[in-house]
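Please work through the following exercises with the sequence and the model open beside you, and try each task before you read its solution.

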Amino acid sequence: MNKPLIGAFLAALLLGAGVAPAVAAESAQVRESATEVAPAPAAKAVTFAGTVALSNCSGSVVRSPDSAPTDPALVLSNGHCLETGFPGHGEVLVDRPSTRTFTLLDASGSGVGTLRASKIAYGTMTDTDLSLYELTSTYEEIESAYGIEALELETAHPVAGTAITVASGYWKRTYSCDIDGFVHQLKEGRWTWKDSVRYTPECQTIGGTSGSPVIDDATGKVVAVNNTGNESGQECTDNNPCEVDENGSVTVREGINYAQQTYNMVPCIGVGNKIDLDREGCGLPKP
């Protein structure tokens, strides 16, 4: 896993380091039958607006397409970033009280305020590596106070070849690459994750980037949550995940990093941003 880093004091020191956000390239001009066609609009540069820094990880304020301005806001991160420790194999946390705080960042990566959780709405490391916190603030309260909108969750399965940016609120650093493909099963130690996103080699994420939103450069929507990478070429050990295909064949890709898709959790977000694992289309594991 992109290991969580320990200590709020250390986190405060590390937040001072960062680089400018990546800028997406403009679409090439297309010519068809000798007729010049106007280029597609250029993708907007991905910024840090809406990302958050946890004490040990990264995260983001997110919304589903159906979330209302008056709904309590949600923060997305990894299951292995929970303050309660790693969930056990098969363990699913729902509606657990929490007072965890998050530093909200603006577009430049500057901390502009502190957000507080009311509960862990959902958390697991089974089949995926995901946590969702419900905040004490609504989306409209956050936008009114800080001028920052939540990142929207994509509702469709991502596509290989998509240009993406991993935006780490912890490090105030972005990583730009493409989606290289998808992994039937990603095994790391005692954990197994399904249909994981594999990055192209350019995204060299590190400890503290866990929980970062993976953003589609063209749409600005969140398609996955960053969670792990193979650090030293070992096979299926902690911090060295391996890929297992449908036939059971194992592949090790040293230096390659991965994320967990988020489209399948969107149907689980019901009225009032409440997590309802029985809603039609919800793809998250149940307790």
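The exercises below deal with salt bridges, nonpolar cores and a charged surface patch.

This is a predicted model, in which local features need pLDDT of at least 70, side-chain atom pairs count only at pLDDT 80 or more, and totals for chains, interfaces and linings use all residues. Residues are numbered from 1 along each chain as its sequence is written, and side-chain values use heavy atoms, with hydrogens and water left out.

**Exercise 1.** Determine which parts of the chain the salt bridge between Lys-119 and Glu-134 ties together.

Solution. Begin with the term: a salt bridge is a side-chain nitrogen of Lys or Arg within 4 Å of a carboxyl oxygen of Asp or Glu. The closest N and O atoms of Lys-119 and Glu-134 are 3.8 Å apart. Next, place the two residues: Lys-119 lies in strand β8 and Glu-134 in strand β9, so the pair ties together parts that are 15 residues apart in sequence. Strands here are DSSP runs of E with at least two residues, helices are runs of H or I with at least four, and both are numbered from the N terminus. Finally, note that Lys-119 and Glu-134 are both buried, where buried means under 20% relative accessible area, exposed means over 50%, and partly exposed lies in between (1.4 Å probe, protein chains only). Lys-119 and Glu-134 also belong to a network of salt bridges with Asp-95 and Lys-274.

**Exercise 2.** Describe the salt bridge between Arg-198 and Asp-180, and say whether each partner is buried, partly exposed or exposed.

Solution. The side chains of these two residues meet at 2.8 Å, N to O. Arg-198 lies in strand β13 (residues 191–199) and Asp-180 in strand β12 (residues 173–188), so the bridge joins parts that are 18 residues apart in sequence. Arg-198 has a relative accessible area of 10% and is therefore buried, whereas Asp-180, at 38%, is partly exposed.

**Exercise 3.** Find which residues of the largest nonpolar core touch the most other members.

Solution. A nonpolar core is a set of buried Ala, Val, Leu, Ile, Met, Phe, Trp, Tyr and Cys residues joined through side-chain atoms within 4.5 Å. Of the 43 residues in the largest one, Val-61, Leu-76, Phe-102 and Leu-132 touch the most other members. Strand β8 gives the most to this core, with five residues.

**Exercise 4.** Locate Glu-149 and decide whether Glu-149 is buried or exposed.

Solution. Glu-149 sits in the loop between α2 (139–146) and β10 (151–152). With a relative accessible area of 52%, Glu-149 is exposed.
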